[in-house]
Amino acid sequence: MSELTLTVMRLGFLAVLWLFVIVAVQVIRSDLFGTRVTQRTAGRREAQTRPPQQRQQAPAGQGRQQQNNSRARRGAPTKLVVSEGSLAGTTVALQGQTITLGRAHDSTIVLDDDYASSRHARIYPDRDGNWIVEDLGSTNGTYLDRNRLTTPTPIPLGAPIRIGKTVIELRK
């Protein structure tokens with residue numbers, strides 16, 4: 001083997017070794033400092049302090065339609081409750097919006113759980129007013145009543161949804 005080939009191989013090995021060290025330091029840093037949590041109240045305050053002219057007005061018939069939907073769905077869940085895990089006791093009001101779960105800082109519920117993916121699962125309403133849970137391709141899976149989810153599945157009231165060590169339930 002020529003001296004040039006041997007030197008190139010040594011430099012290549014040294015570059016791969018440094019790359020490994022840099023990746024290892026980044027992993028250790030993320031484990032030590034965790035995910036960044038952002039405050040979500042700023043957007044709500046801004047909407048409340050906006051003058052009435054800038055707020056969107058609902059059409060006249062829409063208020064009655066929403067009242068009829070709420071009367072028809074008396075047994076429907078109104079909140080999502082974390083019953084086990086580091087966020088136990090946390091409650092999120094169900095207002096027809098999609099709820100994302102995961103380690104990412106922009107998730108609705110940020111899970112500080114080693115078994116949760118950054119974009120782990122989402123919970124959203126369908127057209128009939130039922131709530132659906134969907135696993136977003138997580139590594140460790142999402143479980144509904146001890147069954148691993150493979151497709152979007154309707155959530156019965158009070159059924160436990162398990163993501164790692166965190167358990168979430170829909171309640172009235």
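Me: What makes Glu169 and Arg171 a salt bridge?

Reply: Happy to walk you through it! This is a predicted model, and in it the closest N and O atoms of Glu169 and Arg171 are 3.0 Å apart. A salt bridge needs a side-chain nitrogen of Lys or Arg within 4 Å of a carboxyl oxygen of Asp or Glu, so the pair Glu169 and Arg171, at 3.0 Å, qualifies.

Me: Why is Glu169 called buried?

Reply: Glu169 has 16% relative accessibility. Buried means under 20%, so Glu169 counts as buried.

Me: And Arg171, why is that one called partly exposed?

Reply: Arg171 has 34% relative accessibility. Partly exposed lies between the 20% and 50% limits, so Arg171 belongs there.

Me: How many salt bridges does a search of the whole structure find?

Reply: Four. One of them joins Glu84 to Arg162, with closest N and O atoms 3.7 Å apart. That value is within the 4 Å limit, so this pair counts as well.

Me: Which parts of the chain does the pair Glu84 and Arg162 link?

Reply: Distant ones: Glu84 is in strand E1 (residues 79-84) and Arg162 is in strand E10 (residues 161-163), 78 residues apart. Glu84 has a relative accessible area of 40%, so it is partly exposed. Arg162, at 35%, is partly exposed too.

Me: What makes Arg122 and Glu134 a salt bridge?

Reply: Their side chains meet at 2.7 Å, N to O. With the limit at 4 Å, the pair Arg122 and Glu134 therefore counts. Arg122 lies in strand E5 (residues 121-125) and Glu134 in strand E6 (residues 131-135), so the bridge ties together parts that are 12 residues apart in sequence.

Me: Is Glu134 buried or exposed?

Reply: Glu134 is buried, because its relative accessibility is 18% and the cut-off is under 20%. Its partner Arg122, at 28%, counts as partly exposed.

Me: How do you know that the charged end of Arg122 sits over the ring of Tyr124?

Reply: The charged end of Arg122 is 4.2 Å from the centre of that ring. The rule asks for CZ of Arg within 6 Å of the ring centre and within 35 degrees of the ring normal. The distance of 4.2 Å fits the first part, and the contact is listed as sitting over the ring of Tyr124.

Me: How do you know that E5 and E6 pair?

Reply: Five bridges join E5 to E6, which run antiparallel. Pairing takes at least two bridges, so E5 and E6 meet the rule. Tyr124 stands opposite Ile132 in E6. The two strands form a hairpin with five residues between them, and Gly129 in the turn has a positive phi of about 90°.

Me: Which strands does E3 join, and how do they run?

Reply: Strand E3 (residues 99-102) is joined to E5 by three bridges, and these strands run antiparallel. Here Ile99 stands opposite Ile123 in E5. Two bridges join E3 to strand E4 (residues 109-110), and this pair runs parallel. In that pair, Leu101 stands opposite Ile109 in E4.

Me: Why is Phe13 called exposed?

Reply: Phe13, in helix H1 (residues 3-33), has 59% relative accessibility. Exposed means over 50%, so Phe13 counts as exposed. Phe13 also helps make a nonpolar surface patch of about 950 Å², along with residues including Leu14, Leu17 and Trp18.

Me: How many aromatic pairs does the structure hold?

Reply: Zero. Rings pair if their centres lie within 6.5 Å, so the count of zero says that no rings meet that rule here.

Key
Residues are numbered from 1 along each chain as its sequence is written. This is a predicted model: local features need pLDDT of at least 70, side-chain atom pairs count only at pLDDT 80 or more; totals for chains, interfaces and linings use all residues. Side-chain values use heavy atoms; hydrogens and water are left out. Rings of Phe, Tyr and Trp (its six-membered ring) pair if their centres lie within 6.5 Å; planes under 30 degrees apart count as stacked, over 60 as edge-to-face and the rest as tilted. Patches are made of residues with over 30% relative accessible area and no salt bridge: like charges are joined within 9 Å, nonpolar side chains (Val, Leu, Ile, Met, Phe, Trp, Tyr) within 5 Å. Accessible areas come from the Shrake-Rupley method with a 1.4 Å probe; for residues, only the protein chains shown count as cover. Helices (H or I, at least four residues) and strands (E, at least two) are DSSP runs, numbered from the N terminus. Buried means under 20% relative accessible area, exposed over 50%, partly exposed in between (1.4 Å probe, protein chains only).
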